Number of protein chains: 4
Amino acid sequence: MISAAILGGSGYTGVELMRLLAGHPELELRAVSSRQYRGRAVADIFPSLAGHVSLAFSDADPQTLAGQAEIVFLAVPHQAAMQAVPQILPTNTKIVDLSADFRLRDPDLYEKYYAPHACPQLLSQAVYGLPEFYRREIAAAGLVANPGCYVTSVLLALIPLLSAGLISSRGLIADCASGVSGAGRKEEISLLHGEAHDNFRPYSVSGHRHTPEMEQELSLAAGEEVRLTFTPHLLPIDRGILSTVYALPQNGIGAEHIRSRWLEVYRGEPFVRILDPGRLPSTKAVRGTNTAQLAVETDPRSGLLKIFSALDNLGKGASGQAVQNANLMLGLPESMGLAGIAVWP
Amino acid sequence: MISAAILGGSGYTGVELMRLLAGHPELELRAVSSRQYRGRAVADIFPSLAGHVSLAFSDADPQTLAGQAEIVFLAVPHQAAMQAVPQILPTNTKIVDLSADFRLRDPDLYEKYYAPHACPQLLSQAVYGLPEFYRREIAAAGLVANPGCYVTSVLLALIPLLSAGLISSRGLIADCASGVSGAGRKEEISLLHGEAHDNFRPYSVSGHRHTPEMEQELSLAAGEEVRLTFTPHLLPIDRGILSTVYALPQNGIGAEHIRSRWLEVYRGEPFVRILDPGRLPSTKAVRGTNTAQLAVETDPRSGLLKIFSALDNLGKGASGQAVQNANLMLGLPESMGLAGIAVWP
Amino acid sequence: MISAAILGGSGYTGVELMRLLAGHPELELRAVSSRQYRGRAVADIFPSLAGHVSLAFSDADPQTLAGQAEIVFLAVPHQAAMQAVPQILPTNTKIVDLSADFRLRDPDLYEKYYAPHACPQLLSQAVYGLPEFYRREIAAAGLVANPGCYVTSVLLALIPLLSAGLISSRGLIADCASGVSGAGRKEEISLLHGEAHDNFRPYSVSGHRHTPEMEQELSLAAGEEVRLTFTPHLLPIDRGILSTVYALPQNGIGAEHIRSRWLEVYRGEPFVRILDPGRLPSTKAVRGTNTAQLAVETDPRSGLLKIFSALDNLGKGASGQAVQNANLMLGLPESMGLAGIAVWP
Amino acid sequence: MISAAILGGSGYTGVELMRLLAGHPELELRAVSSRQYRGRAVADIFPSLAGHVSLAFSDADPQTLAGQAEIVFLAVPHQAAMQAVPQILPTNTKIVDLSADFRLRDPDLYEKYYAPHACPQLLSQAVYGLPEFYRREIAAAGLVANPGCYVTSVLLALIPLLSAGLISSRGLIADCASGVSGAGRKEEISLLHGEAHDNFRPYSVSGHRHTPEMEQELSLAAGEEVRLTFTPHLLPIDRGILSTVYALPQNGIGAEHIRSRWLEVYRGEPFVRILDPGRLPSTKAVRGTNTAQLAVETDPRSGLLKIFSALDNLGKGASGQAVQNANLMLGLPESMGLAGIAVWP
């Protein structure tokens, strides 16, 4: 068994990591930290883990955790991760950072959307953790920046299309909706059941922090600057993202070409599913899994492509993808421990 | 008291009509028909109406209902309404038709999206029941075609902008989400709690029947043909529509011009609320009401306008608007019986 | 118009009071306080009130509020209310206290379940605000202690039965479930959508604070000490309480006697509805209303009575009942402003 | 791999069986029948199974299915199962029947609650499929009657207590609540999202069909006739049962004795979890799993025991338990394929 640790395990990405590691045949969780809950049994805070995780939360610092594990998952908020990384990297313990701190290659962009970066010199060491496109680099990396949830759903849909020139790099619109766990496990009024239940609303509609991350990777795929119109919405569900992307097809390109391209690019990929024509994704079909579902239709009125991408924001959008990255970094089979199927209903 | 009747009261628009009429100071419900439930007490089928509606469902035909009431609400499915209208119109009983049968002015378009029209010669007698734009015509009408739910949310946002030339009539995208009651109270697997709960998914993404209705009214406002890209989604809530509309502003037009235009057009309107800058609509804030909320932002990356419109699909999107139309047709104050405020939470 | 004020309007009882007062023909809300939100527009915090409440939250102290209004609703937590009451009472402004501070007649019992009472000498001035049984006293009172939500649902069911000796005063069990708004609008992890959604669980199963309040009033009705087994559960809904009460009938008493007794006691009561045999209450049927629904069946195996009582914890269980009490105290028609019907679905 | 088949796979127990079998290391689903969906791909009906189940529904009769598999799961409604069993039993293919048809040992009781039994002579061949108490018999059985969902939650709590004489066999009350999937995947108005969402209500409060099944097994444990007061309620969630059982302790017995007894009886049991004092079960903690959680408290007012039992009605309450039984019948490790952990949130 390969030892693993989690820095900051009291949030929703933390509990999902623990669930996945508890069922992983080769990774063993040795330590999980939480300042807030230190000393308390994990199963006291997360009753779903009773009988599956016997650890208590520790207040171990990053170095101590690194000493206990061959791989550390950083499930702390942004800015906390970039404090931890310089302490862990020298120990040769591998890192999967679930925060945003090492996703943007340009520290100025990071500063614009977040705050000044504490260790810009380390940015070049980080590999962007989207296995379907950076598999080789991830396998060789010491530090992987796990992508954002909205970002993953949009990139899986668009990278193959932009890189093949099937759609215009202009006029892209991503209209997305996420379950509340995407906002974390925070004591905030807006996340209360009383506020979020039975409700649907847009938020952060100008300048959500996932925008530059999407644009960075889409621009790389397109070979030119891509600007994206991105609108997030909050769903009254716990888990799940559905992105509806509007794209202008290049001349003569229809939905069937999009599907063919996806089928070609994602042939053999265990976690990207291209739906048959006439089928559309749903968040419920991928809840609790590491799978993304893709579908496309041509709008009969405008000729625009409507591209649909669904995933679980805590699965393929966060902790599931983090385990997928860890598997790659550790030389394990990429889909190990990620075979879960969504419960229905 | 003015007498009213409902043809086909066993669905969700029916129960909402009954709720609104039970609280209406001048309208009195005299009869409600339902073949399925004939003879059964309304309150047995809809327990929320116990103590408020003492009628039983009858199997009265349209003519009989017309004989019992000065106004009849048609809450039957499309195609059933156009069988009833020719029987009621000659009696001089007024009609608010909540179905789609008299919304499209072009019978060929109706045939294309629905079925051959049974009485195309009556189409010209129908007034499109969007009071904010057809108030005078509605007041004089004998037959009002109550608009579709998605349609109302999009038209309230866009008509003032197209008629003033503030946005391009090209490239309009309406990305919309609705609660399940929009699909009716039908014994269908896809509407079960087990299927719709905790789920979010697109549906009817190519050719939803509300598309031609939107285009008809938007084209009239724009003075030229408007083609709309429309994508409906199904929300795991009972009531509520949120539309996110993407529009290309004309040169020099920003969000503040949009707001000013709305404020001017909707000054004094009791049921259209323009939110302050920085505020965004939510379905929960208008649940159970006849109010639509509008907001707009300019996307900082693309310059596109993001226009948000929220309403209750059974309120302003159906039965609330039907009562608003009835008030106008009967010479009553337009907002009578429609003062309900959304419960929160 | 009679002037009203709310002390502590930032919680869920506060927003429900504001909703009800906004639709009340004779009461006008003049001021609402909130330390947390002082200076902010009410409609900014509660978007459902936009267009209906134009006030901003003030940080007025109780005396100032009393100077602005003929009646003050205390929507602050327990212990805060008993600080405010002594400041308001001398001004002759009437008080409806929605907290628990003046519900228990015995200050020792209060101390046992809450904390030492700050003004036990005022307890005798408070009238218990259950209009169906204390109507005359409420009408004459300066200070009304508005009952607890669970308590109201159980008392309405049992007081008529105990006072008539139809059921045993021993062995009573109240198995109850409440929506999350019963726990308030607090920044607590357990109230997050992520924790409460799609979940059902018991809580506070030994010694919930509503127990002594129920026992106090049930004992008065029975004329002897009643001990109740009470088990609250948390429902994944925002509003609503359903109580299932198990009671041993006295010799020869069946469900039909229970119904007859209720029908007799509640004849003419606008807010208590006895369901027909075979009908059972549901929280959805009373959501957003001031109505309680009652039903009873005899268990065929054990002969126990199963008594069902449903209400909206923020309606008849809190703010609705508070307005009902205010109407009585001010000489207004008791049901004024409380005619709302539950939206369905 | 051992071959398996499902008769009647279009319901919620069917889809859960398919999910579990898709992840089972030794069982392979070879055929699944559904008259309604014959010829259609399983993944078309249940999108969560796309990529995991490649079968199409067949309209195979029981005998044909028996010829394709070493074990057949009957996921058809009651009365259909008893038509199938006589056709399969002679083939020596093993049967796990998820319906109620072979649960009651007394055909007269079956007739009273359901209908005349078609093959009462086969009842004695059926073993009641509660592995924790009939493990040996199950392992030797050709036909296992999988217990009801409510029943399992109550039996796991009470059998150890009645068999040890820790609680009285009189006065037992089971107040239970279930998610909507317990009612099946049926085109019924009462199961629509619009009716069940945001609602909580009792149903079948006199004479639910699970009553005789509970009483049968509890009486066997107690060694005397047990009569149970049972009240089911419908929760606005898809999956999960929470039972709150009220029991009179025998002299001197407290919550700690109950816990000790459970710990002793369930030592080593993989699927029954006794919670630490102060912890209470929740449906969310066991959603999607084969685990039952038990807890107990003594009511401080009445001395009654409050016993809490939570499970997933489709997991340990149906399909999970069915796989557990199949494992036993086939000589496989009992918990094989049942290691899933609940997703949180």
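Here are some worked exercises on a predicted model, starting with one chain and ending with how the chains meet.

Before you start: residues are numbered from 1 along each chain as its sequence is written, and chains are lettered from A, with ligands numbered from 1, in the order in which they are written. Since the model is predicted, local features need pLDDT of at least 70 and side-chain atom pairs count only at pLDDT 80 or more, while totals for chains, interfaces and linings use all residues.

**Exercise 1.** Work out how many helices and strands chain A has, and how its radius of gyration fits the globule rule.

Solution. Step one: chain A has 11 helices and 13 strands (helices are DSSP runs of H or I with at least four residues, strands are runs of E with at least two, and both are numbered from the N terminus). Step two: the radius of gyration is 19 Å, close to the 20 Å that the globule rule gives for 345 residues, so chain A is as compact as a globular protein of that length. (The radius is taken over C-alpha atoms, and the rule is 2.2 Å times the number of residues to the power 0.38.) Step three: along the principal axes, the C-alpha atoms fill a box of roughly 60 × 45 × 35 Å. Step four: 61% of the 345 residues in chain A are buried (20 or more other C-beta atoms, placed from the backbone, lie within 10 Å of the residue's own).

**Exercise 2.** Find the domains of chain A and describe where they touch.

Solution. Start with the bounds: domain 1 covers 2-128 and domain 2 covers 150-313, as given by an automatic or database domain assignment. Their centres, over C-alpha atoms, are 26 Å apart. Next, the contact uses 10 residues from domain 1 and 8 residues from domain 2 (a contact means C-beta atoms, placed from the backbone, within 7 Å). On the domain 1 side, sort those residues by class: 7 nonpolar, 1 polar and 2 charged. (Ala, Val, Leu, Ile, Met, Phe, Trp, Tyr, Cys and Pro count as nonpolar, Asp, Glu, Lys and Arg as charged, and the others, Gly among them, as polar.)

**Exercise 3.** Trace the open sheet of 7 strands in chain A and say which strands stand at the edges.

Solution. Read the order as β8-β9-β7-β10-β13-β12-β11, with mixed pairing (strands pair if DSSP finds at least two bridges between them). Now the edges: β8 (201-202) and β11 (272-274) each have a single partner strand, so one side of each is left without a neighbour in the sheet. Then zoom in on β10 (residues 241-247) and β13 (residues 305-311), which run antiparallel and are joined by 7 bridges. Here Ser243(A) stands opposite Ser309(A) in β13(A).

**Exercise 4.** Work out how chain B relates to chain A, and what chain B brings to the contact.

Solution. First, a rotation of 180° with 0.0 Å of shift along its axis lays chain B on chain A, with RMSD 0.0 Å (by least squares on C-alpha atoms of residues with pLDDT of at least 70 in both). The two copies are thus related as by a two-fold rotation axis. Both use the same surface, as 100% of the contact residues of chain B recur in chain A. Now the contact: 40 residues come from chain B and 40 residues from chain A. Elements of chain B supplying at least two residues each include β7 (172-178) and α8 (193-196). The chain B side divides into 18 nonpolar, 12 polar and 10 charged residues.

Conventions:
Two residues are in contact if their C-beta atoms, placed from the backbone, lie within 7 Å. A residue is buried if 20 or more other C-beta atoms lie within 10 Å of its own, exposed if 12 or fewer, and partly exposed in between; C-beta atoms are placed from the backbone.
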